[in-house]
Amino acid sequence: MQPISVLGPGATDLVPSLVARLDGRVAVVTRPDGTTDGGVAVDRPDDSADPDGDTAIELCADGSWTGRGTVDGFDDALDRLAPDHDYLVATGCSRLRVPTVLLGEETEPDDVPGTVIASADTPESLPIDEVVDELAAAEPWITLEELVDRVRDAPGAERSGAIATFTGRVRAKDAPDDDRTTHLAFEKYEGVARERMDAISAELTDRDGVFAVRMHHRTGVIEDGEDIVFVVVLAGHRDEAFRTVKDGIDRLKDEVPIFKKETTESEEFWVHQRD
């Protein structure tokens, strides 16, 4: 799923025209001014979906809910909606690694967590074609659940008896007395990293008893406690599944050109320069 945030006066006015340009199933997330977390999720039937999208989420302060359940905030909305949607358009909320559009002059780009891909004084003056192009080039929001769903549908799934997964996350400390790691920043060679991950996945899938391998590594700034990388294996038995998951993450770390900058409470450094 590819998310995008719209901030500033007129954000909700922009949503219908933006949604109309997106090809696929779209979720729309709104948050009234002054609210924080909690929320309500309502899934509209396909035959009654309006120009604002196929699924509507309103994040509210009081935690009230109707429809199919609650969401605990923007992060939960992203994770919950990613497996079933191609796009998510959010107004009134932004986060790291989510492309963002700014409207008006009240909000400065430096005050926005997400990467600002476009700005305009009014919705009418925003170059939507350019926004859609930027969105197509941005990194999608991939979740572990989505990768698991993909391998369940792989050829040979009827002969599988195991799905094994690995999730790598940002570790705040190696030892109790260490400086706390506040965040990591990952950069990759566009295209090259994805091609190498796909090649590793294909080679591992050629093993006897392995039917599918999926892997994804997030880039950009990732804060402590957040997930970084996923490896998912569908196999006939647990031995093949566990062995292939371990080999997958080991080869990803050794062979894929992704570079990590670590920021602690006292310093900042590229990890590969200290290895």
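In this predicted model, strands S8 and S12 run antiparallel to each other and are joined by eight bridges. Within this pair, Phe166 faces Val231 of S12. Helix H6, which spans residues 238-255, packs on the sheet and touches S8, S10 and S12. The direction of H6 makes about 145° with that of S12. The sheet itself is an open one of three strands, in the order S8-S12-S10, and its pairing is antiparallel. Its edge strands, S8 and S10, each pair on one side only. From one strand to the next, the twist averages 10°. As a reminder for anyone new to sheets, strands pair through backbone hydrogen bonds, and they may do so in a parallel or an antiparallel way.

A second helix also meets these strands. Helix H4 covers residues 144-152, and its buried residues are Glu146, Leu147, Val148 and Val151. The cover over these residues includes strand S8 (162-169), strand S10 (210-217) and strand S12 (227-235). The three strands of the open sheet are thus among the elements that cover the buried residues of H4.

It helps to step back and look at the whole chain. Its secondary structure amounts to six helices and 14 strands. The chain has 275 residues, and 44% of them count as buried. Its accessible surface comes to about 14200 Å², with 44% of that area belonging to carbon and sulfur atoms. Contacts that reach far along the sequence are well represented: among those between residues at least 6 apart in sequence, 69% join residues at least 24 apart.

Strand S1 is a good place to see burial at work. This strand is mostly covered, with six of its six residues buried. The cover extends to both faces: Gln2, Ile4 and Val6 are buried on one side, while Pro3, Ser5 and Leu7 are buried on the other. S1 also has parallel partners. Five bridges join S1 to S5 in the parallel sense, and Ile4 stands opposite Val89 of S5. Three bridges join S1 to S6, again with the strands running parallel, and here Val6 has Val101 in S6 as its bridge partner.

The loop between S5 and S6 holds Arg97. The phi angle of Arg97 is near 70°, which is a positive value in a residue other than glycine. Arg97 has a relative accessible area of 15%, and it therefore counts as buried, the cut-off being under 20%.

Helix H3 shows how a helix can have two distinct sides. The buried residues of H3, which runs over residues 128-137, are Ile128, Val131, Val132 and Leu135. Because these residues cover an arc of only 100° around the axis, they lie on the same side of H3. The general geometry of helices makes such a pattern easy to follow: an α-helix has 3.6 residues a turn, so residues three or four places apart point the same way. The other side of H3 carries Glu130, Asp133, Ala136 and Ala137, which are exposed. Several elements contribute to covering the buried residues of H3, including strand S1 (2-7), H1, strand S5 (87-91), strand S6 (100-103) and strand S7 (116-120). Strand S1, itself mostly covered, is therefore one of the elements found over the buried residues of H3.

Two single residues round off the picture. Arg25 sits in the loop that connects helix H1 (11-20) with strand S2 (26-30). With a relative accessible area of 22%, Arg25 is partly exposed, since buried residues must be under 20%. Arg25 and Thr55 are 30 residues apart in sequence, and their C-alpha atoms are 8.4 Å apart in space. The side chain of Arg25 also has a polar atom 3.4 Å from the backbone oxygen of Asp84.

Thr264 belongs to strand S13, which covers residues 258-264. Its relative accessible area is 11%, so Thr264 is buried. Leaving aside neighbours within four places in sequence, the residues in contact with Thr264 are Asp179, Arg180, Thr181, Thr182 and Phe269.

Key: Residues numbered from 1 in each chain as written. Predicted model: local features only at pLDDT ≥ 70, side-chain atom pairs only at ≥ 80, totals over all residues. Heavy atoms only, no water. Helix = DSSP H or I, 4+ residues; strand = E, 2+ residues; numbered from the N terminus. Buried < 20%, exposed > 50% of the residue type's maximum accessible area, 1.4 Å probe, protein only. Polar contact = N/O pair within 3.5 Å; in protein donor to acceptor, adjacent residues only side chain to side chain. Arc of directions from axis to C-beta. Contact = heavy atoms within 4.5 Å. Areas by Shrake-Rupley, 256 points an atom, 1.4 Å probe, with all protein chains shown as cover. Pairing = 2+ DSSP bridges. Axes fitted to C-alpha atoms, helices over the stretch in contact; angles between N-to-C directions.
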